[in-house]
Amino acid sequence: MKNTVTVTSADQTIQLGEKLAQFLQPRDLILLDGDLGAGKTTFTKGLAKELGISRPIKSPTFTIIREYQDGRIPLYHMDVYRLEEGGGDDLGLEEYFNGDGVNVVEWSKFVADELPSKYLRIIFRRDDSQGDNVRTLTFEAQGERFAKMISEVIGDANE
């Protein structure tokens, strides 16, 4: 299942993350793909806010994985861009994916072989011709639970 929504501000991107977070539970996997500056970390800030995480959310580009334990569910925010040449198998991703938290993976194509079969993928596309903050987010569900989640989240966003 695929569904698309357009946002016109960082605040709308955060709000969409907040809405999605209401449905998340441990072991959920959210893949965020798109160009640099497309809104992936901004979206994650919304997820974290709704999960009750009070620490500032920073891009994990150089640390690869940032763990946030202080919310209703732990959040594991991963940026695997630096693994373009391989190396994802050394990170113990399976332990995260089968653990107690929500997993957010930016640049998922670099660890495609490590991913479980069920996930929600969100592709972020900048549309600078429409304005500096316009983004098109395409939601792709792998698994029935994520398809239902998209209906809940996007249904409200498109109304």
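Select Ile64 to start: in this predicted model the residue is buried, with a relative accessible area of 13%. Ile64 sits in the loop between α2 and β3, the latter strand covering residues 65–68. Now add Asp79 to the selection and draw a C-alpha to C-alpha distance. The two residues are 15 apart in sequence, and the distance in space is 5.0 Å.

**Whole chain**

Show the protein as a cartoon and colour by secondary structure. There are 4 helices and 7 strands. Followed from the N terminus, the order of elements is β-α-β-α-β-β-α-β-β-β-α. If you then colour by accessibility, buried residues account for 47% of the 159 residues.

**Nonpolar core**

Next, select Leu20, Ile30, Phe43, Ile122, Leu137 and Phe139. These residues have the most contacts inside the largest nonpolar core, which has 32 residues. To see where the core draws its residues from, highlight the elements that give two or more each: the helices α1 (10–21), α2 (40–51) and α4 (144–157), together with the strands β1 (2–7), β2 (29–34), β5 (102–106), β6 (119–126) and β7 (135–142). Helix α4 supplies the largest share of this core, with 6 residues.

**Salt bridges**

The whole structure holds 5 salt bridges. Three of the pairs are visited here, beginning with the two helices α1 and α2.

Select Glu18 and Lys49. Their side chains form a salt bridge, with an N to O distance of 3.2 Å. Glu18 belongs to helix α1 and Lys49 to helix α2, so that the pair joins distant parts of the chain, 31 residues apart. Are the two partners buried or exposed? Glu18 is buried at 17% relative accessible area, which is under the 20% limit. Lys49 is exposed, its value being 56%.

Move on to Asp28 and Arg145. This salt bridge brings the closest N and O atoms to 2.7 Å from each other. Asp28 is in the loop between α1 and β2, whereas Arg145 is in helix α4; the pair therefore ties together parts that are 117 residues apart in sequence. Asp28 is buried, with 5% relative accessible area. Arg145, at 30%, is partly exposed.

For the third pair, select Arg121 and Asp33. The side chains meet in a salt bridge at 2.7 Å, N to O. Here two strands are linked: Arg121 is in β6 and Asp33 is in β2, 88 residues apart. Arg121 is partly exposed, with a relative accessible area of 26%. Asp33 counts as buried, at 7% relative accessibility. Which residues make up the network around this pair? Add Glu140 to the selection: Asp33, Arg121 and Glu140 are linked in a network of salt bridges.

**Backbone outliers**

Two residues are worth viewing with the backbone drawn as sticks. Most residues other than glycine have a negative phi.

Select Arg27, in the loop between α1 and β2. Although not a glycine, Arg27 has a positive phi of about 80 degrees. Its relative accessible area is 53%, and Arg27 therefore counts as exposed, the limit being over 50%.

Then select Trp107, in the loop between β5 and β6. Trp107 also is not a glycine, and has a positive phi of about 65 degrees. Is Trp107 buried or exposed? With a relative accessible area of 13%, Trp107 is buried.

**Surface**

Finish by switching on the surface and selecting Glu94, Glu95, Asp113 and Glu114. Together these residues form a negative surface patch. Take Glu95 from this group for a last look. Glu95 is placed in helix α3, which spans residues 93–97. Glu95 is exposed, with 67% relative accessible area.

Note on methods: Residues numbered from 1 in each chain as written. Predicted model: local features only at pLDDT ≥ 70, side-chain atom pairs only at ≥ 80, totals over all residues. Heavy atoms only, no water. Patch = residues over 30% accessible without salt bridge, like charges linked within 9 Å, V, L, I, M, F, W, Y side chains within 5 Å. Areas by Shrake-Rupley, 256 points an atom, 1.4 Å probe, with all protein chains shown as cover. Salt bridge = Lys/Arg side-chain N within 4 Å of Asp/Glu carboxyl O. Lys, Arg positive; Asp, Glu negative; His and termini not counted. Charge placed at Lys NZ, Arg CZ, Asp CG, Glu CD. Buried < 20%, exposed > 50% of the residue type's maximum accessible area, 1.4 Å probe, protein only. Core = buried A, V, L, I, M, F, W, Y, C linked by side-chain atoms within 4.5 Å.
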